[in-house]
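Grab a pencil and take a good look at the model below. Try each task yourself before you read the solution.

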Amino acid sequence: MTYAPRPALLRAALDAAARDWPVIPLRPRSKVPALHGERRCPHTGDCTGGHRTFEQRATTDPARIERCWASGPFNVGIATGPAGLLVVDLDTLKPTDEEGTPDGAANFQALCERAGQTVPATRRIRTPSGGEHLYFTAPDGVRFTNTTGTLTPKVDTRAWGGQVVAPGSTTPQGPYTALDDQPVANLPEWLQKALTAPQRPATVPILPTLTRDTDRYATAVLRREVAAVATTSEGGRQAELLRAVRAVGRFVAWGDLDRADVEAAFTCGGESAGLSPAECRNTIRKALDYSIRTAWPRRTA
């Protein structure tokens, strides 16, 4: 049975193919590939000689694309690895994320600032949830794979082994649209190094001297939480800083610790983990404000 293809979806597939980006069909109004997996491979057609992965079956052939999108209203997936792309995925916050948690765009901007760079200008796609896809041309001779939070929280990447939904596709949340359709930039060297750099061992910082005598238990909790922040690796540092500051905030509300001391200690811990001063300052301020505002009364005997 032949299906009258939706012009927008067919155009999206042909546009990607014209850029030499191999495409695959995704289930209608979905991000899931509309291709069989290895376990259900019928070993016919393209798979007669053995199962072929979605990257092997992705195509830029206009005739194949016409035939495929004539059989159903498929969304369009771009196989990033064969396309020679690395796509940075900036996620939005989820309902389960704590108040004050920075989203992917904010974390990526902070990552750029820490590297002394601006956010790269390149092709940008808005996702239905409000996130963004930043397209980059991967360098020759380097085979990047997918990452989740490796660069910084709420920031993923798609390369070999992954795919992104092309603009023109639609989900129940809304469409994928081009925010900036300028030429795809080469992957910046500093970003390439960030993706390939080995994880450095974290060191526990020496805390600044507290400005006054403090409660012994509160001080012990402060030292423990600062150490936890300092020894957190990339991918969870800011979330750990937020959690740790909130754990200590009640002692500031009760007068057991001085706010300036707590801010200085956590700044030391956050910078030891690799966060920028601005990241530390903003996260600590928001976390302390929240903790002080919501702290329960101290229990008395």
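Here are three exercises with worked solutions on this predicted model.

**Exercise 1.** Find where Phe144 lies, and decide whether Phe144 is buried or exposed.

*Solution.*
Step 1: Look at the loop that runs between strand E5 (132-137) and strand E6 (147-152); Phe144 lies there.
Step 2: The relative accessible area of Phe144 is 7%. A residue counts as buried when this value is under 20%, so Phe144 is buried.
Step 3: Now check the surroundings, leaving aside residues up to four places away in sequence: Phe144 touches Leu86, Ala138, Pro139, Ala159, Trp160, Leu187, Gln192, Leu195 and Thr196.

**Exercise 2.** Work out the strand order of the open sheet of three strands, and say which strands stand at the edges.

*Solution.*
Step 1: Reading across the sheet gives E1-E2-E8, and the pairing is antiparallel.
Step 2: Strand E1 (23-26) and strand E8 (163-165) each have a single partner strand, so they stand at the edges, and one side of each has no neighbour in the sheet.
Step 3: From one strand to the next, the twist averages 35 degrees.
Step 4: Zoom in on E2 (residues 75-79) and E8, which are joined by three bridges. One pair to look for is Ile78 with its bridge partner Val164 in E8.

**Exercise 3.** Describe how helices H1 and H3 pack on this sheet.

*Solution.*
Step 1: Helix H1 (residues 7-18) touches E1 and E2, and its direction makes about 15 degrees with that of E2.
Step 2: Helix H3 (residues 62-69) also touches E1 and E2; the direction of H3 makes about 0 degrees with that of E1.

Technical notes:
Residues are numbered from 1 along each chain as its sequence is written. This is a predicted model: local features need pLDDT of at least 70, side-chain atom pairs count only at pLDDT 80 or more; totals for chains, interfaces and linings use all residues. Side-chain values use heavy atoms; hydrogens and water are left out. Helices (H or I, at least four residues) and strands (E, at least two) are DSSP runs, numbered from the N terminus. Buried means under 20% relative accessible area, exposed over 50%, partly exposed in between (1.4 Å probe, protein chains only). Contact means heavy atoms within 4.5 Å. Two strands pair if DSSP finds at least two bridges between them. Axes are lines fitted to C-alpha atoms, for helices over the stretch in contact, and angles run from 0 to 180 degrees between N-to-C directions.
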